[in-house]
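Trainee: I have a chain open on my screen and would like a close look at one part of it. Could you walk me through it slowly, and then show me how that part sits in the whole?

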Amino acid sequence: MAISSAAAPTTANPLLRCQLSTATGAVSRIAAFPSNISGSRRSVSLISCASSVTQSPPSVANASTDRVFNFAAGPATLPENVLLKAQSELYNWGGSGMSVMEMSHRGKEFLSIIQKAESDLRSLLNIPSEYSVLFLQGGATTQFAAIPLNLCKPDDNVDYIITGSWGDKAFKEAAKYCNPKSIWSGKSEKYTQIPNFDALEQTPGARYLHICANETIHGVEFKDYPKPAGENELLIADMSSNFCSKPVDVSKFGVIYAGAQKNVGPSGVTIVIIRSDLVGNAQPSTPIMLDYKIHIENNSLYNTPPCYGIYICGLVFEDLLAQGGLTAAEEKNTQKARILYDAIDGSRGFYRCPVEKSVRSKMNVPFTLEKAELEAEFVKEAAKEKMVQLKGHRSVGGMRASIYNAMPLAGVEKLVAFMKDFQAKHDH
């Protein structure tokens with residue numbers, strides 16, 4: 001296991017003595033407690049269970065037998081050793097006598113957590129010192145407004161490359177705060193392509209060029225990045241669904257932002273990496289919670305942050321470093337994606353991926369069945385085999401397998417074996 005576990009608690013709460021089995025989640029003990037019912041004081045015995053307290057989490061091997069392969073697009077699967085580490089520290093983090101969920105966000109304990117999380121993320125992405133790292137709330141969707149509010153005047157021109165639903169939403173939100181222009185859209189091709197960068201007609205004097213690095217719904221991923229035409233023009237990227245899945249040259253970007261709930265943590269945390277010289281010129285109408293300068297000056301602690309989510313992100317960063325960093329993660333992700341796409345392409349048309357091969361996502365793999373009437377059965381039968389959340393996004397249908405960092409190779413191999421068996425039963 002890449003992450004060591006802290007000692008588990010040795011005593012239970014005197015009012016509600018309930019210890020959940022770490023392997024199965026079954027209730028081990030709930031003691032009787034007094035309750036007022038219809039004005040009379042009674043002692044109500046709820047459940048009488050064994051009194052032993054589990055001292056340590058299950059091994060990853062044991063835990064795996066009780067877990068499904070979760071192909072959800074987000075919130076998504078997390079590394080099992082990270083979950084077990086968090087489980088062991090839930091009751092009493094680092095001997096503090098508190099759970100992370102109970103800590104003051106201004107206390108020394110949580111300050112050590114958020115500072116280490118930032119340090120490890122900087123190491124993973126080799127973030128230059130002239131960039132600030134923020135742990136915020138509101139999802140990447142909130143950044144659709146924060147970006148133009150912080151970087152633009154109301155009459156500034158900005159360019160958007162729209163390769164899917166999320167890029168389109170970012171473009172539409174920006175129209176409230178500046179003058180965005182869609183310089184390329186893949187909508188007519190159902191978002192299955194990425195443009196030739198040399199053919200882009202960028203707007204002279206545009207403040208920035210915005211991309212969505214990986215479109216979660218449509219499964220389209222930038223393998224390289226366009227260069228803004230203007231000398232002072234910035235490249236901005238929503239990296240929510242491929243964040244920390246591969247090395248990235250941060251210095252090419254003015255801002256990188258990402259929701260954590262795909263690759264690096266639970267829902268509720270949004271990470272922003274911004275070049276420090278871009279901060280301090282927000283539009284006067286910018287809400288204080290969207291002003292990057294406020295958050296940088298307060299080290300992401302202007303108000304109470306999503307403390308537990310940041311803690312989990314920190315464990316994920318620690319785990320990624322222990323496994324060899326983002327180069328190692330990319331190698332694993334490439335292998336998983338190749339196996340799944342090879343199965344789709346080798347199915348003689350029974351399964352089909354609509355995305356142009358050169359820009360297929362390594363994170364989100366959409367596919368359809370030649371016989372659309374079998375798709376519901378495919379999802380149902382896969383669930384029986386402990387493979388869940390394979391139904392495609394409601395806007396596009398079909399299937400989608402999200403194979404983020406934490407999806408083990410065994411999960412992809414099991415899905416491919418199931419796909420082949422399903423085809424053998426139905427391809428007549």
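Trainee: In which loop does lysine 386 lie?

Mentor: Happy to take you through it, and please keep in mind that this is a predicted model. Lysine 386 is found in the loop between helix H9 (375–384) and strand E15 (387–388). Its backbone is worth a look: phi is positive, about 65°, although the residue is not a glycine. Most residues other than glycine have a negative phi, and most peptide bonds are trans. As for its surroundings, lysine 386 has 36% relative accessibility, so it counts as partly exposed.

Another lysine makes a good companion. Lysine 190 also has a positive phi, near 60°, and its place is the loop between strand E6 (179–185) and strand E7 (208–212). With a relative accessible area of 67%, lysine 190 is exposed.

Two further backbone spots belong on your list. Glycine 74 and proline 75 are joined by a cis peptide bond, with omega at about -5°. Proline 75 sits in the loop between strand E3 (69–70) and H2. Glycine 324, just after H7, has a positive phi of about 110°.

That glycine brings us to H7 itself. Helix H7 (residues 307–322) is made of 16 residues and spans 23 Å from first C-alpha to last, close to the 22 Å expected at 1.5 Å a residue. Of those 16 residues, 12 are buried, so H7 is largely enclosed by the rest of the structure. Among the buried ones are Cys307, Ile310, Tyr311, Leu315, Phe317 and Asp319. The cover over the buried residues of H7 includes helix H2 (80–89), helix H3 (108–125), strand E4 (131–136), strand E12 (270–275) and H8.

Now turn to the nonpolar interior. The largest nonpolar core has 84 residues, and the members that touch the most others are Leu125, Phe243, Ile273, Phe317, Leu340 and Phe378. H7 contributes the most to this core, with 9 residues. A second, separate core has 28 residues, including Leu151, Tyr191, Tyr257 and Leu278. If you would like one residue to click on, try leucine 125: leaving aside residues up to four places away in sequence, leucine 125 touches Phe243, Cys244, Lys246, Val248, Val250, Ile273 and Leu326.

H8 was part of the cover over H7, and H8 has a helix partner of its own. Two packed helices are described by the angle between their axes and the distance between the axes. For helix H8 (residues 325–345) and helix H10 (residues 409–426), the angle is about 5° and the axes are 9 Å apart. Angles under 35 degrees count as roughly parallel, so H8 is roughly parallel to H10. On the H8 side, the contact is made by Gln335, Lys336, Ile339, Leu340, Ala343 and Ile344; on the H10 side, by Leu409, Val412, Leu415, Val416 and Met419. Sorted by class, this contact has 9 nonpolar, 1 polar and 1 charged residues.

Finally, step back to the whole chain. Its secondary structure comprises 10 helices and 16 strands, and 50% of its 428 residues count as buried. Among contacts in the chain with a separation of 6 or more, 67% are between residues 24 or more positions apart. To return to your starting point, lysine 386 is partly exposed, whereas H7 is largely enclosed.

Key. Residues are numbered from 1 along each chain as its sequence is written. This is a predicted model: local features need pLDDT of at least 70, side-chain atom pairs count only at pLDDT 80 or more; totals for chains, interfaces and linings use all residues. Side-chain values use heavy atoms; hydrogens and water are left out. Axes are lines fitted to C-alpha atoms, for helices over the stretch in contact, and angles run from 0 to 180 degrees between N-to-C directions. Helices (H or I, at least four residues) and strands (E, at least two) are DSSP runs, numbered from the N terminus. Angles under 35 degrees count as roughly parallel, over 145 as roughly antiparallel, 65 to 115 as roughly perpendicular and the rest as oblique. Contact means heavy atoms within 4.5 Å. Ala, Val, Leu, Ile, Met, Phe, Trp, Tyr, Cys and Pro count as nonpolar, Asp, Glu, Lys and Arg as charged, and the others, Gly among them, as polar. The expected span of a helix is 1.5 Å times one less than its number of residues. Buried means under 20% relative accessible area, exposed over 50%, partly exposed in between (1.4 Å probe, protein chains only). A nonpolar core is a set of buried Ala, Val, Leu, Ile, Met, Phe, Trp, Tyr and Cys residues joined through side-chain atoms within 4.5 Å.
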